[in-house]
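Biologist: I'd love a close look at one part of this protein, the helix in the middle of the chain and the strands around it. Could you walk me through what the model shows there?

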Amino acid sequence: IVDKRWILTAAHCVRSQLVGNLAVRTGGHTLSRTQNGLSSHLEKDYQVEQIIMHDDFSRYDNLTVSQPLKSSTNTNNADIALLKLKHDIHWNDLAWPVCFPDRDAGNFSGHDAIVIGWGKLNEKSEEFSNELQKVKLTIIDNKVCQNWFRQAGRDMPIDDRIICAGFKHGGKDACHGDSGGPLLSRINGQYVVVGVVSTGIGCARPLLPGLYSRVSSYISWIGRHITI
């Protein structure tokens with residue numbers, strides 16, 4: 001959540017979606033539902049009014065990668081989008097806006113970060129998590145990340161609009177179903193969204209950390225649509 005009517009996500013999550021088929025649920029912790037369709041009295045659904053994908057969003061059709069990827073489109077080029085809701089979000093203890101990094105915030109290399117989502121708990125799992133999960137990762141310098149991918153035999157393009165997060169030995173990562181979720185880092189005492197889950201090769205594999213859209217690279221684009 002970035003404002004009363006705005007949601008930040010990954011473009012590949014909404015690329016093929018019709019706006020009339022989309023809704024955003026706030027305040028959720030579990031995917032299981034009670035008789036009224038909600039798992040908490042703080043949960044609320046909001047219809048989506050508009051989908052705005054970044055103009056530069058495109059597929060890397062020439063990637064030398066193998067499935068499975070976190071995203072099903074091999075996408076990580078300007079993989080960011082905004083959803084405008086039809087009605088204002090009602091703030092409560094489980095629904096409030098996230099903080100943004102500064103445009104010149106640096107690359108965050110070496111910072112701890114947390115990624116959250118309802119994705120699969122491991123690459124081989126056939127089911128998504130019923131409860132919201134989180135995992136602590138380390139943000140990796142892009143040049144180091146690029147070298148790791150090459151050591152693993154993968155020539156994944158990693159430019160300054162991407163953040164890498166994970167570990168050289170693997171073991172912890174976002175996974176399938178986490179796409180579009182936030183990568184959060186604590187900066188000056190508060191958590192800010194530094195990345196959006198985009199893509200990667202498998203989940204938690206050695207030398208293949210997850211790839212995230214770097215939010216600070218898109219602050220101007222976000223600001224053209226909403227007031228931050």
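**A helix and its surroundings**

Modeller: Happy to. This is a predicted model, and the mean pLDDT of the protein chain is 89, with 88% of the residues reaching 70 or more. One stretch calls for care: over residues 60-68 the pLDDT stays under 50, and the model has 24 contacts beyond four places in sequence for them. Where pLDDT is low, the predicted coordinates should not be read in detail.

Here is the setting. The protein chain has three helices and 10 strands, and from the N terminus on its elements run β-α-β-β-β-β-β-α-β-β-β-β-α. Of its 228 residues, 47% count as buried. Among contacts between residues at least 6 apart in sequence, 73% join residues at least 24 apart.

Now to the helix itself, H2, which spans residues 142-151. Which of its residues are buried? They are Asn142, Cys145, Gln146, Trp148 and Phe149. These residues cover an arc of only 160° around the axis, so they sit on the same side of H2. Lys143 and Arg150, on the other side of H2, are exposed. As for what covers the buried residues, the list includes S6, strand S7 (162-166) and strand S10 (210-214).

Both ends of H2 reward a look. At its start, a side-chain oxygen of aspartate 141 comes to within 3.0 Å of the backbone nitrogen of lysine 143. After H2 comes glycine 153, which has a positive phi, near 80°. Arginine 150, one of the exposed residues of H2, has a charged partner: its side chain meets that of aspartate 155 in a salt bridge, 3.9 Å from N to O.

From the helix we can step to S6, one of the elements that cover its buried side. Strand S6 covers residues 133-140 and pairs with strand S5, residues 112-117, in the antiparallel sense over six bridges. Within that pairing, valine 115 of S5 stands opposite valine 135 in S6. A salt bridge also joins this pair of strands: the side chains of aspartate 112 and lysine 136 meet at 3.5 Å, N to O. Aspartate 112 belongs to strand S5 and lysine 136 to strand S6, 24 residues apart, and the pair thus links distant parts of the chain. With a relative accessibility of 42%, aspartate 112 counts as partly exposed.

S5 has another partner as well. With strand S8 (residues 182-187) it pairs in the antiparallel sense over two bridges. Isoleucine 114 has leucine 184 as its bridge partner in S8. Serine 185 lies in that strand too. Is serine 185 buried or exposed? Its relative accessibility is 1%, so it counts as buried. Beyond its neighbours within four places in sequence, serine 185 is in contact with His111, Asp112 and Ala113, and also with Gln190, Tyr191, Val192 and Val194. Aspartate 112 therefore appears twice in this picture, since it is partly exposed at 42%, forms the salt bridge to lysine 136 and is in contact with serine 185.

Follow the chain back from S5 and you reach the loop between strand S4 (81-85) and S5, where glycine 106 lies. Glycine 106 is partly exposed, as its relative accessibility is 43%. Its C-alpha atom is 8.6 Å from that of serine 216, although the two are 110 residues apart along the chain.

S4 brings in another charged pair. Lysine 84 forms a salt bridge with glutamate 49, with the closest N and O atoms 3.6 Å apart. Here again distant parts of the chain are linked, lysine 84 being in strand S4 and glutamate 49 in strand S3 (residues 44-53), 35 residues apart. Both partners are partly exposed: lysine 84 has a relative accessible area of 24%, and glutamate 49 has 38%. Elsewhere, Arg25, Glu43 and Asp45 are linked in a network of salt bridges. In total, the model has eight salt bridges.

To come back to your helix: H2 has one side with buried residues, among them Trp148 and Phe149, and on the other side it has the exposed Lys143 and Arg150. S6 helps to cover the buried residues and pairs with S5, which in turn pairs with S8.

Key:
Residues are numbered from 1 along each chain as its sequence is written. Side-chain values use heavy atoms; hydrogens and water are left out. Two strands pair if DSSP finds at least two bridges between them. Helices (H or I, at least four residues) and strands (E, at least two) are DSSP runs, numbered from the N terminus. pLDDT is the predictor's confidence in each residue, from 0 to 100. Contact means heavy atoms within 4.5 Å. Buried means under 20% relative accessible area, exposed over 50%, partly exposed in between (1.4 Å probe, protein chains only). A salt bridge is a side-chain nitrogen of Lys or Arg within 4 Å of a carboxyl oxygen of Asp or Glu. The arc is that of the directions from the helix axis to the C-beta atoms. A polar contact is a pair of N or O atoms within 3.5 Å; within protein, one must be able to donate a hydrogen and the other to accept it, and residues adjacent in sequence count only if both atoms are side-chain atoms.
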